[in-house]
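Visitor: I should like to learn how to read a model of this kind, feature by feature. Please begin with the contact between the chains.

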Amino acid sequence: MPRFEPSSTQDEVLFRPIEQPASRNFQLAVVALGSIVLFAVFMYVRQLVRGLAVTGMMQPVTWGFYIISFVFFIGISHAGTLISAILRITQAEWRRPITRMAEVITAIVLAIGGLHPIIDMGRPDRLLNVFLSGRLQSPLLWDVASITAYFAGSTVYLFLPLIPDVALLRERNKKHRWLYDFLSWGWQGTERQWQVLHRAINIMMIVVVPIAVSVHTVISYIFAMTLQAGWHSTIFGPYFVVGAIFSGIAALFVAMIAFRSAFGLQAYLKPVHFQQLGKLLLAMSVLWTYFTFCEYLTGFYGSEPAEMKTLLYKTGGRYAPLFWTMVICNFVVPLALLSHRKLRTIPGILAASIAVLIGMWLERLIIVVPSLENPRMPFLTHLYFPSLTEISLFAGAAALFALGFIVFAKFFPIVSVWEIQEGRALALQETEERVSSYLPDEEVARA
Amino acid sequence: MPRWGMVIDLDRCTGCGACMAACKVENNVQIVSIEESQRGRRMHWLRLLTETSGSYPDTQVRTAPNLCMMCDNPPCTKVCPVHATYLGADNLVGQIYPRCIGCRYCMAACPYSVKVFNWSASPPPPGMESILNPDVSVRPQGVVEKCTFCYHRLQAAKEVARAENRPVRDSDYQPACVEACPADAMVFGDLDDELNLVAQLSKTVRAKRALEHLGTEPKVYFLERRDAQV
């Protein structure tokens, strides 16, 4: 007998969005998001025909919105796998309603982020050259390798814990039976299958952590490996990883709050979950601020002319309004809203998360563009401003993310049903045993 | 094998722009529209950098040609994902247009900002088709290009040398910019040949290389203006 058997008749509310006919709001959202995506596709095709001249990029600012989006979206993807893996590894019991959403974010956003370097390419038709004549010495190849590994790892990591839920859907559903039949992969819920599943999840949760860390480290290396002022910095690897987790948690919060109200999941996503994860967001905010401080102080104190020019350009020049908005969004707002229990409410967390998302996007902008606008040679420089194409492709990417998420939610439970039920059935006892194992043995206490 | 290099005497440079024009025509560098040019997308393999100092009427304008420095330790070739830019056998930094994927990483990595990108492909203005140089391939939209020290001229020189059964000599070839300079401000040749003017000039006190502290080891030297030495 397996230790526990998930039931397809409990937790009705989690199945409801899948089984009910599509609501009017859902249809409206799909149409609205779909049209934004379609418009972006149109603009991209136009770019394919006319060349990158349709963007706002030029000499010397040869990287703009696309590379910013690339770094930003891949950063968001760290929400998922990394947070879910860390919470599983540390056996944080409050993870149960959160992990699925986190994993979905990763899979979708990673696919979108990974497209951006291709969108940015002058010759996307030569994409295969990366494999045919790739140079492993180039940081871009490191990116290709680690993003591919991360995408493979995180989709597996999303799929594995989904299997028992798909099996529940197969039991319940008349709709899309073939889909659930196929995706449940012959799941019968035997003891052996549970063992294998748990083992596989345990392996994957360890494996994805170093891959996730490598992904954003390697993305930072694209910049750090050049000699450009403002980029050539040893701190960039960890700085990018911290920023990625930071923006990832913020995106996770936005998704949690949106689905909580749309699907009526108040009973599953309780204030306590927001409280706990809110502390993590606060910690990342402080960590991000510390890294930013280290990065800028080192540049300022050494005051190498080229470095100083870029630094002053960011903090006091053309980018000053954006720079200080970033500091407010990433440090002041989260610190104010999250450090006190009274303010760490759901509206407070939502406000902080949106601020962090804006702030982290600005951070990517402030890393990419000002360094390019300040070349070392006395070059007649131009100022970068994105074109309609770049803006609509960014909007398209964001819309595609939302669309992917709601379509996923239409087919699969957005909260892991079996993990909630497992928590109900086993976790209480297990946790009690675990906690008592931390304490001195009873004989010792008596003696 | 000669180590091709260039010395540019900034005291002799008058800022006339003949090098720029010669380069543009010699290498079939795309002529972009006025609007594109105003957007910062004008294309030059060699451009004149101008620096203005002082205030009117004591304004000083200094000019210096900016072209590929042909670094011995090039930051651009290190980052290329597809081996489209590379340090070749002639110690020159090459660019393979049919392989370039247009990621512009080399442009971001080049501290001298000498690489240019084909943002769009506009046909040459009327009449210009007929003067395209048949020795230099025309680049398609979406690839990066840059100064090659007129590599096609070196190839021609190599063929002559092979026919005459001798190694390529230092005096066999000159890039178009050097040839065009009316002030004789640009000198080109083998940096390793002690008897050569380039080698001698490159070892004088006035000889400086741009952003030398970055360790890129450029093969283009600038002879500082004498008034700048004080």
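Guide: The size of an interface is often given as the accessible area lost when the parts come together. Here the contact is described by its residues: chain A contributes 37 residues and chain B contributes 38 residues. This is a predicted model.

Visitor: Which helices of chain A each supply at least two residues of the side that touches chain B?

Guide: They are helix H5 (99-120), helix H6 (129-132) and helix H7 (139-159) of chain A. The largest share of that side, three residues, comes from H7(A). By class, the side of chain A that touches chain B holds 19 nonpolar, 12 polar and six charged residues.

Visitor: What ipTM and pTM does the predictor give the complex?

Guide: The complex receives an ipTM of 0.90 and a pTM of 0.92. For chain B, the pLDDT averages 91, and 99% of the residues score at least 70.

Visitor: Let us turn to the interior. Which residues of the largest nonpolar core touch the most other members?

Guide: That core has 186 residues, and those touching the most other members are Met101(A), Ile105(A), Ile249(A), Leu252(A) and Met186(B). Helix H11 (residues 236-263) of chain A supplies the largest share of this core, 16 residues. With residues up to four places away in sequence left out, Ile249(A) touches Ala79(A), Ile83(A), Leu277(A), Leu280(A), Leu281(A) and Met284(A).

Visitor: How should the fold of each chain be summarised?

Guide: Chain A has 18 helices and zero strands. Its radius of gyration is 23 Å, close to the 22 Å that the globule rule gives for 447 residues, so chain A is as compact as a globular protein of that length. Along the principal axes, its C-alpha trace spans about 75 × 65 × 45 Å. Buried residues make up 46% of chain A. Of the contacts in chain A with a separation of 6 or more, 83% are between residues 24 or more positions apart.

Guide: Chain B, by comparison, has eight helices and 10 strands. The radius of gyration of chain B is 18 Å, close to the 17 Å given by the globule rule for 230 residues, so this chain is as compact as a globular protein of that length. Its C-alpha atoms fill a box of roughly 55 × 45 × 35 Å along the principal axes. Buried residues account for 43% of chain B. Among its contacts between residues at least 6 apart in sequence, 62% join residues at least 24 apart.

Visitor: What is the strand order in the open sheet of four strands in chain B?

Guide: Strands of a sheet pair through backbone hydrogen bonds, either parallel or antiparallel. In this sheet the order is S8-S1-S10-S9, with mixed pairing. Strand S8 (186-190) and strand S9 (207-208) of chain B are the edge strands, each pairing on one side only. Strand S1 (residues 4-9) of chain B pairs with S8(B) in the antiparallel sense over five bridges. Within S8(B), Met186(B) stands opposite Ile8(B); Met186(B) was also named among the core residues that touch the most other members.

Visitor: How many residues lie between S2(B) and S3(B) in their hairpin?

Guide: Six residues lie between them, and Gly54(B) in the turn has a positive phi of about 75°. Strand S2 (residues 47-53) and strand S3 (residues 60-66) of chain B run antiparallel and are joined by seven bridges. Leu49(B) stands opposite Ala64(B) in S3(B).

Visitor: Which features of the backbone deserve a closer look?

Guide: Most residues other than glycine have a negative phi, and most peptide bonds are trans. The peptide bond from Tyr56(B) to Pro57(B) is cis, with omega near 5°, and Pro57(B) lies in the loop between S2 and S3 of chain B. In chain A, the bond from Gln59(A) to Pro60(A) is cis, with omega near 0°. Pro60(A) is placed in the loop between helix H2 (24-50) and helix H3 (65-76) of chain A.

Visitor: Where is Leu211(B) found?

Guide: Leu211(B) is in the loop between S9 and strand S10 (220-223) of chain B. Although not a glycine, Leu211(B) has a positive phi of about 45°. It counts as partly exposed because it has 16 C-beta neighbours inside 10 Å.

Key. Residues are numbered from 1 along each chain as its sequence is written. Chains are lettered from A and ligands numbered from 1 in the order in which they are written. This is a predicted model: local features need pLDDT of at least 70, side-chain atom pairs count only at pLDDT 80 or more; totals for chains, interfaces and linings use all residues. pLDDT is the predictor's confidence in each residue, from 0 to 100. Two residues are in contact if their C-beta atoms, placed from the backbone, lie within 7 Å. Ala, Val, Leu, Ile, Met, Phe, Trp, Tyr, Cys and Pro count as nonpolar, Asp, Glu, Lys and Arg as charged, and the others, Gly among them, as polar. A nonpolar core is a set of buried Ala, Val, Leu, Ile, Met, Phe, Trp, Tyr and Cys residues joined through C-beta atoms within 7 Å. A residue is buried if 20 or more other C-beta atoms lie within 10 Å of its own, exposed if 12 or fewer, and partly exposed in between; C-beta atoms are placed from the backbone. The radius of gyration is taken over C-alpha atoms; the globule rule is 2.2 Å times the number of residues to the power 0.38. Two strands pair if DSSP finds at least two bridges between them.
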